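Got your viewer open? Let's take a short walk, one selection at a time.

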Amino acid sequence: METLYRKYRPIDFDTVVGQDVIVKTLRNQIVKGSTAHAYLFSGTRGTGKTTVAKIFARAINCPNEINGNPCNECPTCKAALDGTNLNIVELDAASNNGVDDIRKIIEQLEYLPRDGEKKKVFIIDEVHALSGSAAQAFLKSLEEPPEHVVFILATTDPNKLPETVLSRCQKYNFKRINIESIVAYLKRISEAEKIDIDEDALVFIAEKSDGSMRESISKLDRVRAYASSDKLTKENVLDILGIVDDDDFSKLTKAINESDIETAISVLSDCLERGKDISQFTNDFIWHLRNLLIAKDIKEPIESLNITRSNFEKLKKESELISKDVLIYFIEELSRTINLMKYDENRRVILETAFIRLASPETNFMETAVMARLDNIEKAQKEGMVYKIVERAENAEKQGDSKPSNSEEEKLENKIKEMKLTPVTMEEITKVTENWKTIAASTSKIFKTVMMESKPIPGNEKEPGLIEVQVDEKGTSFLRKFDDYKSLEEALAKSAEKIINKKIIFKLVLADDKKYVKNVTWSLDDAIEKIDADVGEEE
Ligand SMILES: [Zn+2]
């Protein structure tokens with residue numbers, strides 16, 4: 001059976017959908033007889049490049065053109081439609097990209113068109129796929145094409161073409177076809193073919209085809225072929241095409257954003273049970289998140305979103321429930337997950353783990369995770385919840401008032417002086433380092449994990465009773481997000497004081513500080529010896 005796509009492929013400019021400007025320009029050239037020698041049609045798949053090239057090729061040679069359209073009735077047009085017109089040569093460079101393939105074309109260039117026709121037209125599809133030497137050979141012909149030759153080059157990837165080719169062509173960029181136009185065309189086909197299908201099913205097919213008419217029509221073809229009932233609904237389409245409903249993705253996004261792991265896992269599980277492919281599922285989910293991200297910033301549906309207005313309103317509403325940073329974080333993490341899935345058989349486990357990780361940003365220090373967390377805090381504040389970001393040391397400011405000190409260093413020195421009046425003992429320092437996890441865990445929720453992973457290094461010759469907290473790179477970049485991370489030092493001191501009833505000074509040493517020791521290995525005994533010696537001197 002002939003595919004719907006072939007059957008309904010436009011054979012004149014009037015029926016080409018969604019490329020009005022290009023069609024108008026090309027028709028004008030035919031009417032005026034002012035065609036060029038080389039054209040470059042670029043654009044994504046299924047936007048009509050080859051279809052327009054074929055119509056244009058016929059129009060160039062048709063003796064009876066009507067308003068720039070080929071008549072499709074004369075022997076020239078008929079032969080072209082049958083694929084037997086020797087003046088129209090087509091080459092698909094995706095599968096014939098060698099020097100020999102191009103040489104065959106070059107050899108034909110010199111011969112005049114047969115049957116008294118005006119031009120020889122060469123349509124080269126996916127021209128960017130020509131191999132290096134083939135492209136070189138072709139370029140020479142393109143530089144000085146014979147008077148009777150027209151090249152129509154089509155490509156999905158014009159950036160891969162050398163500037164020398166680009167500069168010799170009239171360039172036409174084929175846009176993605178908008179949803180409304182695709183739906184209207186699908187409707188026409190359905191009516192002509194007596195396919196009984198709901199409008200929202202057609203909308204869904206169009207939206208899932210990324211602006212490609214060809215893709216939309218082949219989807220309709222598949223749905224028609226596999227449908228078991230008379231009336232086709234959106235549910236039939238979802239099942240037959242194995243596509244996940246956007247409503248499921250909305251549910252999933254909400255669940256992950258609200259740390260509702262149970263729902264997230266069950267949405268995935270339902271979809272897989274219905275036979276969806278897990279990689280496709282992940283890709284489509286990323287695409288949904290990408291659409292949310294775009295929808296956040298725009299007021300009107302734009303071409304690249306590829307959705308109808310009413311679905312845009314829905315998407316826009318959904319996008320307002322989730323922050324930009326969180327979306328970016330989700331997209332980045334899931335893109336990494338897709339790569340992991342390529343090399344591992346446990347694809348489901350990997351994806352589920354990713355969902356759990358996304359739903360629990362506190363397990364992750366990635367920059368975007370931090371932003372996601374900050375965002376949740378901001379949201380909590382807006383909602384009137386008291387959310388204490390950092391425990392501020394109560395007396396830090398009071399001290400500042402009575403005895404203003406110019407720098408952090410000075411403050412520290414003063415404190416050390418105070419300290420020396422009540423020297424700490426070996427047992428006390430040991431107690432603090434042994435209880436480090438407890439002390440670290442008592443800091444605010446946000447800093448807790450960073451502190452627990454940092455290493456306390458007790459004392460040095462100059463500053464006995466001082467504990468340097470070495471924060472690794474990950475922790476450092478995290479802390480830098482907060483203006484007042486320094487207040488952690490006070491919080492640690494307070495917590496340690498509860499254990500040994502004495503003040504100890506904590507100083508954060510960040511990974512980019514010259515005092516930072518990479519891969520620190522230290523022995524408590526060494527450190528204690530030093531402190532002992534210093535404390536002894538004091539006394
Ligand atoms: Zn004709």
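Which residue takes a positive phi just after α25? Keep that in mind while we look at the helix itself; bear in mind too that this is a predicted model.

**Stop 1: helix α25**

Select residues 487–500, and you have α25, with 14 residues. At 1.5 Å a residue, the helix should span 20 Å, and its end C-alpha atoms are indeed 20 Å apart, so the two figures agree. Now colour L488, E489, A491, L492, S495 and A496: these are buried residues of α25. They cover an arc of only 165° around the axis, which puts them on the same side of α25. Here's a handy rule: an α-helix has 3.6 residues a turn, so residues three or four places apart point the same way.

What do those buried residues pack against? Show α21 (426–434), α22 (436–441), α23 (445–453) and the strand β8 (505–509). Then step just past the end of the helix and click on N501: there's your answer, with a positive phi of about 55°.

**Stop 2: the sheet with β8**

You've already got β8 on screen, so stay with that strand. β8 belongs to an open sheet of 3 strands, in the order β6-β7-β8, with mixed pairing. Add β6 (455–458) to your selection: β6 and β8 stand at the edges with a single partner strand each, so one side of each has no neighbour in the sheet. Rotate the view a little and compare the strand directions; on average, neighbouring strands here are turned by 30° against each other, direction ignored.

Next, select β7, residues 466–470. β6 and β7 pair in the antiparallel sense, over 4 bridges. To see one spot along that pairing, pick K455 and look across to Q470 in β7, which stands opposite.

**Stop 3: helix α8**

Now jump to residues 179–193, helix α8. Its 15 residues reach 21 Å from the first C-alpha to the last, close to the 21 Å expected at 1.5 Å a residue. Buried or exposed: which are I179, I182, V183, Y185, L186 and I189? They're buried. Look down the axis of α8 and you'll find its buried residues within an arc of 165°, so they line one face of the helix.

Turn on α1 (4–7), α9 (199–207) and α10 (213–226), which are among what covers those buried residues. Then swing round to the face turned away from the buried side, where E191 and A192 are exposed. Last click: K194, just after α8, takes a positive phi of about 55°.

Key: Residues numbered from 1 in each chain as written. Predicted model: local features only at pLDDT ≥ 70, side-chain atom pairs only at ≥ 80, totals over all residues. Helix = DSSP H or I, 4+ residues; strand = E, 2+ residues; numbered from the N terminus. Expected span 1.5 Å × (residues − 1). Buried ≥ 20, exposed ≤ 12 C-beta atoms within 10 Å, placed from the backbone. Arc of directions from axis to C-beta. Contact = placed C-beta atoms within 7 Å. Pairing = 2+ DSSP bridges. Axes fitted to C-alpha atoms, helices over the stretch in contact; angles between N-to-C directions.
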